Amino acid sequence: TMPNVLIHSATALPFLVIGDYANAIGCVAPDIVWIPNEISIRRSRKAVQKVIDELPEWRILPYRITHSALLWCLMGPSEALLGALIHIALDCFTHKRRMRQQPLFPIPWRWPCTL
């Protein structure tokens, strides 16, 4: 959603200022796979949560993968790793219900605390 995009873009700004473009991209990269779902949400006349609840799991799977701190770390050193981990950490506290974060995906544990 728009507030999340703004927050993640704001976290990229310090990296942009120091010329660390890879981590700036990492701050927003995990959400790129959500774009088709966001289009569906915006085209629907239903409440956002209702659309999310109706999405088939295969449409959420790419999001789970790109929001897995475990998988980012297992990929090995990456110039975008810090930015991606900042993104995932922020989402842990702001996503609820079906979108509650699974930062160790594919382990089915969900982050317990949200704001």
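These legends go with close-up views of a predicted model.

**View 1. Here is the largest nonpolar core, made of 8 residues.** Its members are Trp34, Ile41, Val51, Ile52, Leu55, Ile60, Tyr63 and Met99. Two helices, α4 (48–54) and α5 (57–66), each give two or more residues to this core. Pick out Met99 and look around: leaving aside neighbours within four places in sequence, Met99 touches Trp34, Ile52, Ile60, Tyr63 and Arg64. There is also another core, lying apart from this one, with 7 residues that include Trp72, Leu81, Ile88 and Cys92. As a bit of background, nonpolar side chains in soluble globular proteins tend to be buried together.

**View 2. Helix α5 is shown with its buried and partly exposed residues.** The buried residues of α5 are Ile60, Tyr63, Arg64 and Thr66. What do they pack against? The buried residues of α5 sit against α4, α6 (69–74) and α7. Leu61 belongs to α5 too, but Leu61 counts as partly exposed because its relative accessibility is 38%. Going from Leu61 to Asn37 takes you 24 residues along the sequence, with 11 Å between their C-alpha atoms.

**View 3. Ser68 sits in the loop between α5 and α6.** Is Ser68 buried or exposed? Ser68 comes out at 0% relative accessibility, so it counts as buried. Once neighbours within four places in sequence are set aside, the contacts of Ser68 are Ile88, Gln102, Pro103, Leu104 and Phe105. Phe105 is worth a second look, as a cis peptide bond joins Phe105 to Pro106, with omega at about 20°. Pro106 is in the segment after α7 (81–94). For context, most peptide bonds are trans.

**View 4. Arg97 has a positive phi, near 50°.** Arg97 is a residue other than glycine, and most residues of that kind have a negative phi. You'll find Arg97 in the segment after α7. With a relative accessible area of 54%, Arg97 is exposed.

**View 5. Glu57 and Arg98 pair up in a salt bridge.** The closest N and O atoms of the two are 2.9 Å apart. This pair ties together distant parts of the chain, with Glu57 in helix α5 and Arg98 in the segment after α7, 41 residues apart. Glu57 is partly exposed at 42% relative accessibility, while Arg98 is buried, with a relative accessible area of 18%. Background for this view and the next: side chains of opposite charge can pair when their charged atoms come close.

**View 6. Two salt bridges are shown within helices, Glu38 with Arg42 and Lys50 with Glu54.** They belong to a count of 5 salt bridges. Glu38 and Arg42 meet at 3.1 Å, N to O. Both lie in helix α3 (residues 35–43), 4 residues apart, which is about one turn of the helix. Glu38 is buried, with a relative accessible area of 15%, whereas Arg42 is exposed at 53%. For Lys50 and Glu54, the closest N and O atoms are 3.0 Å apart. These two are separated by about one helical turn because they are 4 residues apart in helix α4. Lys50, at 45% relative accessible area, is partly exposed, and Glu54 is partly exposed at 40%. An α-helix has 3.6 residues a turn, so residues three or four places apart point the same way.

**View 7. Leu13, Leu16 and Tyr21 form a nonpolar patch on the surface.** Together they offer about 310 Å² of accessible area. Leu16 is in helix α1 (residues 2–17). At 39% relative accessibility, Leu16 counts as partly exposed.

**View 8. These are cysteines in a structure with 0 disulfides.** Why does Cys27 have no bond to Cys92? Cys92 holds the closest cysteine sulfur to that of Cys27, but the distance is 15 Å, so the two are too far apart for a bond. A disulfide needs the sulfur atoms within 2.5 Å. Cys27 is buried at 0% relative accessibility. For Cys113 the closest cysteine sulfur is again in Cys92, 9.7 Å away and too far for a bond. Cys113 is partly exposed, with a relative accessible area of 44%.

Methods: Residues are numbered from 1 along each chain as its sequence is written. This is a predicted model: local features need pLDDT of at least 70, side-chain atom pairs count only at pLDDT 80 or more; totals for chains, interfaces and linings use all residues. Side-chain values use heavy atoms; hydrogens and water are left out. Buried means under 20% relative accessible area, exposed over 50%, partly exposed in between (1.4 Å probe, protein chains only). Patches are made of residues with over 30% relative accessible area and no salt bridge: like charges are joined within 9 Å, nonpolar side chains (Val, Leu, Ile, Met, Phe, Trp, Tyr) within 5 Å. Accessible areas come from the Shrake-Rupley method with a 1.4 Å probe; for residues, only the protein chains shown count as cover. A salt bridge is a side-chain nitrogen of Lys or Arg within 4 Å of a carboxyl oxygen of Asp or Glu. A nonpolar core is a set of buried Ala, Val, Leu, Ile, Met, Phe, Trp, Tyr and Cys residues joined through side-chain atoms within 4.5 Å. Contact means heavy atoms within 4.5 Å.
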